[in-house]
Each structure stands twice: as structure tokens, then as C-alpha cells.
Amino acid sequence: MSDTAHLEASAPPNIETIGFDDVISALKAGVRDFARAPGFGLFFAGFYVIMGIVIYLQLDVLDQSYWIIPVALGFPLLAPFLAVGLYEVSRRLEADEPLDWAQVLGVVFNQKDRQFPSIAMVIIMIFMFWVFVAHLVFAIFMGLEPLTNITTNWQDALLNRNGITMLVVGTAVGAVLAFCLFSLTVTSLPLLLDRELDFITAMIYSFQSVLQNLLPMVSWGVIISVLMLIGMLPFFLGLFVVLPILGHATWHLYRRVMSFED
């Protein structure tokens with residue numbers, strides 16, 4: 001069986017209405033998949049852990065560790081694309097297909113010839129825009145002088161009118177960007193792995209799935225954000241557990257949100 005034999009050029013998906021209980025069920029299914037195939041979860045999570053450590057050490061070596069705040073908040077935004085391997089593992093578990101390392105990695109590698117490079121560019125552009133905005137908001141409200149003191153004397157740097165305003169504005173802007181990226185990718189990435197659609201169509205359906213199920217999907221986004229931030233402690237090592245569970249759970253949530261008339 002080829003790495004893409006399961007793909008079907010099917011009609012667009014039907015968007016189903018889900019509830020918070022579906023979100024919890026998807027999360028439980030994610031835990032179950034991780035327990036069934038922990039090696040794959042640890043392998044793919046390792047890339048996140050290594051990337052996070054490298055970014056932090058680079059910032060720390062350059063004596064710019066204060067930028068770990070916006071980078072750490074933006075870093076989880078890349079998770080859906082890099083978790084494509086976890087989606088494939090869950091798909092195989094669901095379809096009762098063998099978990100062969102060569103085939104799973106082959107599926108991940110073959111995404112370069114499909115729609116994933118295009119949607120990856122969208123993700124990277126939004127991520128880089130968030131890093132730029134974080135720098136801009138900091139400079140507007142804090143100026144350049146406090147930059148060298150924020151990690152050693154953060155109380156004086158942040159606990160004033162400019163600092164609090166900067167935190168409020170930065171959080172609001174970050175939340176809007178995070179919501180947009182989450183809405184565009186939460187079901188589009190599993191959809192692109194599962195079916196033959198162009199990335200723009202997949203993102204449109206993903207955004208519509210969020211709007212149709214706003215409260216459950218926003219709750220899922222909050223769960224992702226909280227668990228990812230917790231997973232970054234200590235020193236990103238918690239991602240070894242958090243990331244596989246979220247990756248598998250995302251696949252199961254996609255299967256609940258989207259159906260096909262095959």
C-alpha cells in the first residue's frame with residue numbers, strides 16, 4: 001500500500017455541530033492513542049523540545065532572553081503543521097492499519113509535494129508577523145531603555161502604566177492572531193492529510209467549522225494554549241507528553257467536526 005493510497009478526491013466536507021463533550025472525548029482519545037503508540041509521540045515531540053531549547057539558548061547566549069516571552073507565546077502556533085505525523089498515526093490506528101515507521105515518515109515527507117508547503121507559508125507568515133508585532137508593541141510602550149532591565153528588574157519595568165498597557169495591548173493583539181491562525185488550521189491540516197483539497201478551501205472550511213462551533217472550538221483552543229504553556233515547563237520537556245496528546249486529539253476532533261458522503 002502506498003503512502004497516499006488512503007487519499008480520496010472527494011466532495012467538500014459537511015461541517016457537523018459538536019459540543020464540549022466532543023472536545024473532552026477527543027482529548028481522551030488523544031491520551032489513548034499516545035498510550036497505544038508512545039514511540040511515535042515521543043519522536044515527533046522531540047522536534048518541538050529541541051527547537052524550544054535551541055531558541056531559548058540562542059536568545060540567552062545573545063543576552064536577549066527577554067524575547068523568550070513573545071517567542072514562547074508564538075511557538076505553539078506552529079504545532080498543528082509539525083504534528084502531521086501524529087495525525088497520520090491516529091489515522092492508522094483508527095483505520096486498523098499497521099504502524100510502520102517507514103510508511104508514517106514517508107507520509108510526512110510526501111506532504112512536501114501536496115498542499116502543506118503552501119499552508120506552512122501562511123503559518124510562518126502569521127508567526128513572524130506576531131514576533132514583529134510583539135517587538136513593535138514593546139518598543140511603543142516601553143521604549144528601548146528598559147529592554148536590558150526587564151529580566152532582572154521586571155517589577156519596575158512592567159508594573160507601571162506603560163508596562164501594564166503594553167501587556168494588555170500585546171495580549172489582545174496576540175489573542176486575535178492566535179484565534180485567526182487556530183481557526184485557519186485546527187481542522188484544515190488534518191483535512192489536507194486525509195483528503196485531496198487545495199489549502200485555501202481547507203482553510204475556509206476550517207474557519208467555518210470554528211464559527212459554527214464557536215464555544216466548543218474556542219474551548220479547545222484554550223485547552224491547547226494552557227497545556228502547551230504548561231508543557232514548556234520545565235525547559236520545554238513537558239511537551240514530550242502534552243504535544244502527542246494534543247496532536248492525536250486534534251485528529252479525533254477533526255473526525256467529529258467534519259464528515260463526508262462517500
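Here is a walk through the fold, a pair of packed helices, a few buried charged residues and some unusual backbone spots.

**The overall picture**

Keep in mind that this is a predicted model. The protein is mostly a helix story in terms of element count, with 13 helices and 2 strands. There are 262 residues, and 50% of them are buried. If you look at contacts between residues with a separation of 6 or more, 80% come from pairs 24 or more positions apart. The exposed surface comes to about 12700 Å², and carbon and sulfur atoms supply 69% of that.

**Helices 7 and 9**

Helix 7 covers residues 116-142, and its axis runs 9 Å from that of helix 9, at an angle of about 170°. Angles over 145 degrees count as roughly antiparallel, so that is the label for helix 7 and helix 9. On the helix 7 side, the contact includes the aromatic residues Phe129, Trp130, Phe138 and Phe141, along with Ile123, Ile126, Val133, Val137 and Met142. Helix 9 brings, among others, Gly163, Gly170 and Gly174, plus Val169, Val173, Leu177 and Leu181.

Leucine 184 is a good residue to click on here. It sits in helix 9, which spans residues 161-185, and it is one of the residues that helix 9 puts into the contact with helix 7. Which residues does leucine 184 touch, leaving aside its neighbours within four places in sequence? The partners are Ile126, Met203, Ser206 and Phe207. Ile126 is itself among the helix 7 residues in the helix 7 and helix 9 contact. Isoleucine 200 is 16 residues away from leucine 184 in sequence, and their C-alpha atoms are 9.2 Å apart.

**Helix 6 and its two sides**

Helix 6 runs over residues 101-110, and its buried residues are Val104, Gly106 and Val107. Viewed down the helix axis, these fall within an arc of 160°, so they line one face of helix 6. Ala102 and Phe109 are exposed on the other side. At the start of helix 6, aspartate 100 points a side-chain oxygen to within 3.0 Å of the backbone nitrogen of alanine 102.

Phenylalanine 43 belongs to helix 2, residues 38-61. Leaving aside neighbours within four places in sequence, phenylalanine 43 is in contact with Trp101 and Leu105. Is phenylalanine 43 buried, exposed or partly exposed? Its relative accessibility is 33%, so it counts as partly exposed. Leucine 86 is 43 residues away along the chain, with 9.8 Å between the two C-alpha atoms.

**Two charged residues under cover**

Arginine 91 is in helix 5, residues 84-95. Its relative accessible area is just 5%, and buried means under 20%, so arginine 91 is buried. Its side chain makes a polar contact of 2.9 Å with the side chain of glutamate 97.

Aspartate 194 is in helix 10, residues 188-194. With 7% relative accessibility, aspartate 194 counts as buried too. Its side chain is joined to that of arginine 195 by a polar contact of 3.5 Å.

**Odd backbone spots**

Most residues other than glycine have a negative phi, and most peptide bonds are trans. That makes the following places worth a look.

What kind of peptide bond joins leucine 233 and proline 234? It is cis, with omega at about -10°. Proline 234 is in the loop between helix 12 (214-231) and helix 13 (239-257). Phenylalanine 235 is found in the loop between helix 12 and helix 13 as well, and it has a positive phi without being a glycine. At 39% relative accessibility, phenylalanine 235 is partly exposed.

Aspartate 96 is another non-glycine residue with a positive phi. It lies in the loop between helix 5 and helix 6. Its relative accessibility is 70%, so aspartate 96 counts as exposed.

The two positive phi values are set out here.

| Residue | Phi |
|---|---|
| Aspartate 96 | about 65° |
| Phenylalanine 235 | about 55° |

Key
Residues are numbered from 1 along each chain as its sequence is written. Side-chain values use heavy atoms; hydrogens and water are left out. Helices (H or I, at least four residues) and strands (E, at least two) are DSSP runs, numbered from the N terminus. Buried means under 20% relative accessible area, exposed over 50%, partly exposed in between (1.4 Å probe, protein chains only). Contact means heavy atoms within 4.5 Å. Accessible areas come from the Shrake-Rupley method with a 1.4 Å probe; for residues, only the protein chains shown count as cover. A polar contact is a pair of N or O atoms within 3.5 Å; within protein, one must be able to donate a hydrogen and the other to accept it, and residues adjacent in sequence count only if both atoms are side-chain atoms. The arc is that of the directions from the helix axis to the C-beta atoms. Axes are lines fitted to C-alpha atoms, for helices over the stretch in contact, and angles run from 0 to 180 degrees between N-to-C directions. Angles under 35 degrees count as roughly parallel, over 145 as roughly antiparallel, 65 to 115 as roughly perpendicular and the rest as oblique.
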